[in-house]
Amino acid sequence: FSNHTPAYAISACLVGSEMCIRDRDMAGQAFGKVGLLNDAIYFLEKSTNLDPQSPTSLHSLAIALHLNKSYEREIPILKKLLEIIPEDPQVLRLSVQAAAFTKNKAFGDYAISLMEIHNPGAVSLAQDFLNNALN
């Protein structure tokens with residue numbers, strides 16, 4: 001990065017400070033909103049490295065990876081999110097989709113099992129989607 005860009009200023013913040021985590025997360029979200037997914041992923045990964053239990057950073061990273069079609073890289077992030085917020089409908093949907101796109105039946109079954117508990121109305125459609133992708 002050029003030292004005259006906002007990206008440089010954000011990356012130069014103090015490592016480990018709460019301000020740095022928030023700034024990297026915000027930078028990642030901003031880059032994602034304008035379609036610069038590689039930049040978004042870069043900053044969101046930095047943010048999650050500083051705070052690996054941040055649902056906001058993990059959620060944003062999962063979405064950026066999903067939009068980038070980086071499903072294999074997305075699955076470990078989704079697994080972490082499912083431990084933290086298993087009831088989140090978007091995390092459950094992303095999990096089923098990532099499992100389907102990677103043909104990962106075990107992860108798909110795990111996501112469906114959580115969906116049965118937390119969002120039972122979505123199970124039928126999600127199970128059909130997963131089954132169609134796996135066949």
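This report describes the helices of one protein chain and the way some of them pack against each other.

**Overall build**

The structure is a predicted model, and its protein chain contains 8 helices and 0 strands. Followed along the sequence, the chain therefore reads as the pattern α-α-α-α-α-α-α-α. Of the 135 residues in the protein chain, 41% are buried, while the accessible surface comes to about 7,400 Å², with 56% of that surface belonging to carbon and sulfur atoms. When contacts with a separation of 6 or more are considered, 47% of them join residues that lie 24 or more positions apart.

**Two helix pairs**

Helix 6 takes part in both of the pairs set out below, one with helix 8 and one with helix 5.

| Helix pair | Axes come within | Crossing angle | Handedness |
|---|---|---|---|
| Helix 6 (residues 89-102) and helix 8 (residues 123-134) | 8 Å | roughly 15° | right-handed |
| Helix 5 (residues 71-84) and helix 6 | 10 Å | roughly 145° | left-handed |

How are helix 6 and helix 8 oriented with respect to each other? Their axes cross at roughly 15°, and angles under 35 degrees count as roughly parallel, so helix 6 and helix 8 are roughly parallel to each other. On the side of helix 6, the residues that meet helix 8 are V96, Q97, A99, A100 and F101, and their partners in helix 8 are A126, F129, L130 and A133. Sorted by class, the residues of this contact of helix 6 with helix 8 comprise 8 nonpolar and 1 polar, with no charged residue among them.

Turning to the other pair, helix 5 contributes Y71, E72, E74, I75, L78, L81 and L82, which meet V91, L92, L94, S95, A98, F101 and T102 in helix 6. The contact of helix 5 with helix 6 is made up of 10 nonpolar, 2 polar and 2 charged residues. F101 of helix 6 is listed in the contact with helix 8 and also in the contact with helix 5.

**A residue in helix 8**

One residue of helix 8 is N132. Is N132 buried or exposed? Because its relative accessibility is 60%, N132 counts as exposed, the cut-off for that class being over 50%. Although N132 and A100 are 32 residues apart along the chain, their C-alpha atoms are separated by 8.3 Å, and A100 is one of the helix 6 residues that meet helix 8.

Terms used:
Residues numbered from 1 in each chain as written. Predicted model: local features only at pLDDT ≥ 70, side-chain atom pairs only at ≥ 80, totals over all residues. Heavy atoms only, no water. Helix = DSSP H or I, 4+ residues; strand = E, 2+ residues; numbered from the N terminus. Buried < 20%, exposed > 50% of the residue type's maximum accessible area, 1.4 Å probe, protein only. Contact = heavy atoms within 4.5 Å. Areas by Shrake-Rupley, 256 points an atom, 1.4 Å probe, with all protein chains shown as cover. Axes fitted to C-alpha atoms, helices over the stretch in contact; angles between N-to-C directions. Parallel < 35°, antiparallel > 145°, perpendicular 65-115°, else oblique. Left-handed = near helix turned anticlockwise from the far one by under 90°. Nonpolar A, V, L, I, M, F, W, Y, C, P; charged D, E, K, R; others polar.
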